[in-house]
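Subject: Handing over the structure

Dear colleague,

Please find below the structure I promised to pass on, together with its sequence. My notes on what I found in it follow underneath.

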Amino acid sequence: MPPKKDLAVCDTCSMSGLAEYFSEEDICMQCRKITALEKTMTEQQKRLTELEHIVKSLSERAAAERTKSYAEIVKESAPAETRREGTREIIVKSKEQKPSPAPRRPRSTFVYVGEEAESVGVERRVVLIGDSNVRQVGQNLVEQSNKFVTICQPGARLEDVQEILDSTHKDGDTCIMEVGTNNLFSDEKEDIIKKYKFILQELKKKRRRVVVMGILPRRLSREMERKRTSVNDELWELCRIEGVEFLNVDFDVWDKYLGRDGLHLNRYGADKIARKIFACVKCCCKALN
């Protein structure tokens, strides 16, 4: 056992031990380590509090920037104009400048005219207007009757119908419309029906007979196929209310009538649709008799 003069008692924890392990203040090594750790933790906690304050300030500043309205940003970035009054130049901030929409890419329009379609009067002319799916259909119809006029604009939408008719100067007492497929991918069902209603009312003002084809089948997802059939159901009801004809072009085994892309009709599909249109029009249209 070491002599008592070599022993010491810790003033912090009251533990005794060899004096060589104690500091001059009679504090053991274990207590000195604990004190050092507590000091380090206090400093780290202080730094953490400072960082939290900085993050909070940055978040508030970012939130304030996000809430700034688009109009304010445009107003601030608008170029200034100078106006001279006498000898003074006054800086006048220009009005808000709204971004101009991207220019619409012009589309090619294909017109197929039967041999007698130009010579006969409008009252004996039948016009088929539609998107890329009616291109081959229209060629088949012109072969079956030379009083047909087919206007095909790839990518055509419902809102393009009247503009296409006006730009091509091809009109007829009977108008058959096959448009709406391209609206199916971008518009809600309610908006599609509203556009159909508007264009039908416009077409009825100048034409004795209007025929609307349902949206053709395609290789679509199940959700889009349900949307297509739902639009066709509501379109049929709209045609009944508006007093125009609805031509149902659905068929049981439709996959064999589509091309490899699953979007456009193949030659068998084009022939089948052309026969449906011809039968529909011929039964009560004197132009084809």
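Before the strands are described, one term is needed: two strands are said to pair if DSSP finds at least two bridges between them. Please also keep in mind throughout that this is a predicted model.

Taken as a whole, the protein chain has 8 helices and 10 strands, and 36% of its 289 residues count as buried. Among contacts between residues at least 6 apart in sequence, 61% join residues at least 24 apart. The accessible surface of the chain comes to about 19,000 Å², and carbon and sulfur atoms account for 52% of it.

I would start with strand β6 (126–130), which pairs with β7 in the parallel sense over 5 bridges and with β8, also in the parallel sense, over 5 bridges. Ile129 of β6 has Ile151 as its bridge partner in β7, and in β8 Ile129 stands opposite Met177. The connection between β6 and β7 involves helix α3 (residues 134–144), and these three elements make a right-handed β-α-β unit. Because 5 of the 5 residues of β6 are buried, this strand is largely enclosed by the rest of the structure. In a regular strand the side chains alternate between the two faces of the sheet. In β6, Val126, Leu128 and Gly130 point one way while Val127 and Ile129 point the other way, and all are buried.

Strand β9 (residues 209–213) can be read in a similar manner, since 5 of its 5 residues are buried and it is therefore largely enclosed by the rest of the structure. Arg209, Val211 and Met213 lie on one side of β9 and Val210 and Val212 on the other, so that both faces are covered. Strand β8 (residues 174–178) pairs with β9 in the parallel sense over 4 bridges, with Cys175 standing opposite Val210. Strand β10 (residues 245–247) and β9 pair in the parallel sense over 3 bridges, and here Glu245 is the bridge partner of Val211. Together with helix α7 (residues 222–242), β9 and β10 make a right-handed β-α-β unit.

Which residues touch the most other members of the largest nonpolar core? In this core of 28 residues they are Ile129, Met177, Tyr196, Leu200 and Val212. Elements that each supply at least two residues of this core include β6, β7 (148–152), β8, β9 and α7, while α6 gives the most, with 6 residues. A second, separate core of 24 residues includes Leu128, Ile176, Val211 and Cys280. Returning to the largest core, Tyr196 is in contact, beyond its neighbours within four places in sequence, with residues including Met177, Val212, Val231, Leu235 and Leu238.

Two cysteines deserve a mention: Cys175 counts as buried at 1% relative accessibility, and Cys280 is likewise buried, with a relative accessible area of 14%. The count of disulfides comes to 0.

Finally, is Asn183, which lies in helix α5 (residues 181–184), buried or exposed? At 0% relative accessibility, Asn183 counts as buried, because the cut-off for that class is under 20%. Apart from its neighbours within four places in sequence, Asn183 is in contact with Arg157, Leu158, Glu159, Ile192 and Lys195.

With best wishes

Technical notes
Residues are numbered from 1 along each chain as its sequence is written. This is a predicted model: local features need pLDDT of at least 70, side-chain atom pairs count only at pLDDT 80 or more; totals for chains, interfaces and linings use all residues. Side-chain values use heavy atoms; hydrogens and water are left out. Buried means under 20% relative accessible area, exposed over 50%, partly exposed in between (1.4 Å probe, protein chains only). A crossover is right-handed if, with the strands pointing away from the viewer, the path from the first strand over the helix to the second runs clockwise. A disulfide is a pair of cysteine sulfur atoms within 2.5 Å. A nonpolar core is a set of buried Ala, Val, Leu, Ile, Met, Phe, Trp, Tyr and Cys residues joined through side-chain atoms within 4.5 Å. Contact means heavy atoms within 4.5 Å. Accessible areas come from the Shrake-Rupley method with a 1.4 Å probe; for residues, only the protein chains shown count as cover.
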